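Reader: Hello! I would like a close look at a single part of this model, with its surroundings described one step at a time.

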Amino acid sequence: MIFFRVIPVILIDDNDCIKTIKFNKRIYLGDPINIIKIFNDLGVDEIIIINISKKTPDYGLLKEMSEESFVPLTFGGGIKSINSIEKILSIGFEKVILNSCFYNNFDFLKDAIKIFGSSSISLSINLKKNLFKRFYLYDHLKKKILKNYDLDKIFQTIQEIHTSEICFNFVDYEGTRNGYDRKIISKIISSLSNRNILINGGAKNLEDIIFLKNLKCSGALASSLFSFLNSNESILINYISENERNLIQNS
């Protein structure tokens, strides 16, 4: 198990940095290079960058990001080939994070792990509730729940591979700052106790982050928490203070 990290997430659409709410509503935040500069100055643990444009990665933009950053970077979104992964890693990104291949091209996921090693490949899992409040895998491209992938099926499939980390994204909570679904997160951690788990979606405050730390998660991901001042209206790029960092690590 690696040390617990608090990781800002940057969503990019073409050359813009945006924030989504429940994978839907979009709020413009600014220039991604400038936001990376701010996060660098704030001393973040790491940055995850996700391309949500449905286009292939802009390697020129990724190179600018890598040259600007002094912290580890992970990139995901629009990665469709082994060659693309090779380019991203060669630019200076520490890891890539793969999502849709988990359910529509599992062989590609396994090949990527075999070629680049588990330390360079992370997995992203989107979870969404159905009408009966049960969680299923969510296809963000087709915007639909995959009814053949309930939590048990997800856990079973994960056991067939070994990636550096697995990030669970909670679609119904993403961007809301309403707090975590602590019950389901606890179930995930207990079911995958031998894996490095990241949680994204719903972080409200420092207490939520400490909750994940005490569950022995690998890290807490957040975007709204580090993009706005008290609400989703006033933009302010921020991060945990040194005092808060010490409280988390010593909790």
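Could you start with strand β8 (residues 135-139): how many of its residues are buried, and why is it described as enclosed or open with respect to the rest of the structure?

Author: Happy to! Please keep in mind throughout that this is a predicted model. In β8, 5 of the 5 residues are buried, so the strand is largely enclosed by the rest of the structure.

Let us look at the neighbours on each side. β7 pairs with β8 in the antiparallel sense, over 3 bridges. Within that pairing, Leu127 stands opposite Leu137 of β8. The two strands make a hairpin with 5 residues between them, and in its turn Lys133 has a positive phi of about 65 degrees.

β9 (residues 144-150) is the other partner to visit: β8 and β9 pair in the antiparallel sense as well, over 4 bridges. Leu137 appears again here, with Leu146 in β9 as its bridge partner. Leu137 is thus matched with Leu127 in one pairing and with Leu146 in the other. The hairpin of β8 and β9 has 4 residues between the strands, and Lys143 takes a positive phi near 55 degrees there.

It is worth following β7 outward from here. Of its 9 residues, 7 are buried, so β7 too is largely enclosed by the rest of the structure. Besides its antiparallel pairing with β8, β7 runs parallel to β6, to which 3 bridges join it. In that pairing, Ile97 stands opposite Ser122 of β7. β7 is also joined to β10 by 5 bridges, again in a parallel arrangement. There, Ser124 has Cys167 of β10 opposite it.

Continuing past β9, helix α6 covers residues 151-158 and contains Thr157. Thr157 has a relative accessible area of 6%, and since buried means under 20%, it counts as buried. Setting aside residues up to four places away in sequence, Thr157 touches Phe102, Phe106 and Tyr149.

Cys167, met above in β10, leads to the cysteines. The count of disulfides comes to 0. For Cys17, the closest cysteine sulfur is that of Cys167, and at 16 Å it is too far for a bond. Cys217 also has its closest cysteine sulfur in Cys167, here 10 Å away, which is again too far for a bond. Cys17 is buried, with a relative accessible area of 2%, and Cys217 is buried at 3%.

Beyond β10, the loop between β10 and α7 (182-191) holds Glu174. Although its side chain is of the charged class, Glu174 is buried, with a relative accessible area of 5%. Leaving out neighbours within four places in sequence, its contacts include Leu11, Lys19, Thr20, Ile21, Lys22 and Phe23. Gly201 and Gly202 are also in contact with Glu174.

As a computational chemist, you may like to see the pockets too. The largest pocket has a volume of about 990 Å³ and is lined by 48 residues. Nearest its centre lie Phe23, Ile50, Asn51, Ile52 and His140. The elements that give two or more residues to this lining include β6 (95-98), β7 (121-129) and β10 (166-170), which we met above. β1 (5-13), β2 (16-21), β4 (47-51), α4 (101-104) and β12 (219-222) are also among them. β4 gives the most, with 3 residues. By class, the lining has 18 nonpolar, 22 polar and 8 charged residues. Phe23 ties two parts of this tour together: it is among the residues nearest the centre of the largest pocket, and it is in contact with Glu174.

The second largest pocket has a volume of about 180 Å³. It is lined by 14 residues, and the closest to its centre are Arg177, Leu225, Phe226, Asn238 and Glu244. Its lining divides into 9 nonpolar, 3 polar and 2 charged residues.

To return to your strand: β8 has 5 of 5 residues buried, with antiparallel pairings to β7 and to β9.

Definitions and conventions
Residues numbered from 1 in each chain as written. Predicted model: local features only at pLDDT ≥ 70, side-chain atom pairs only at ≥ 80, totals over all residues. Heavy atoms only, no water. 1 Å grid on protein atoms, 1.4 Å probe; cavity = no way out; pocket = protein on both sides within 12 Å on 5 of 7 lines; lining within 4 Å. Points joined across faces, edges and corners; volume = space filled by probe spheres on them. Buried < 20%, exposed > 50% of the residue type's maximum accessible area, 1.4 Å probe, protein only. Pairing = 2+ DSSP bridges. Contact = heavy atoms within 4.5 Å. Disulfide = S-S within 2.5 Å.
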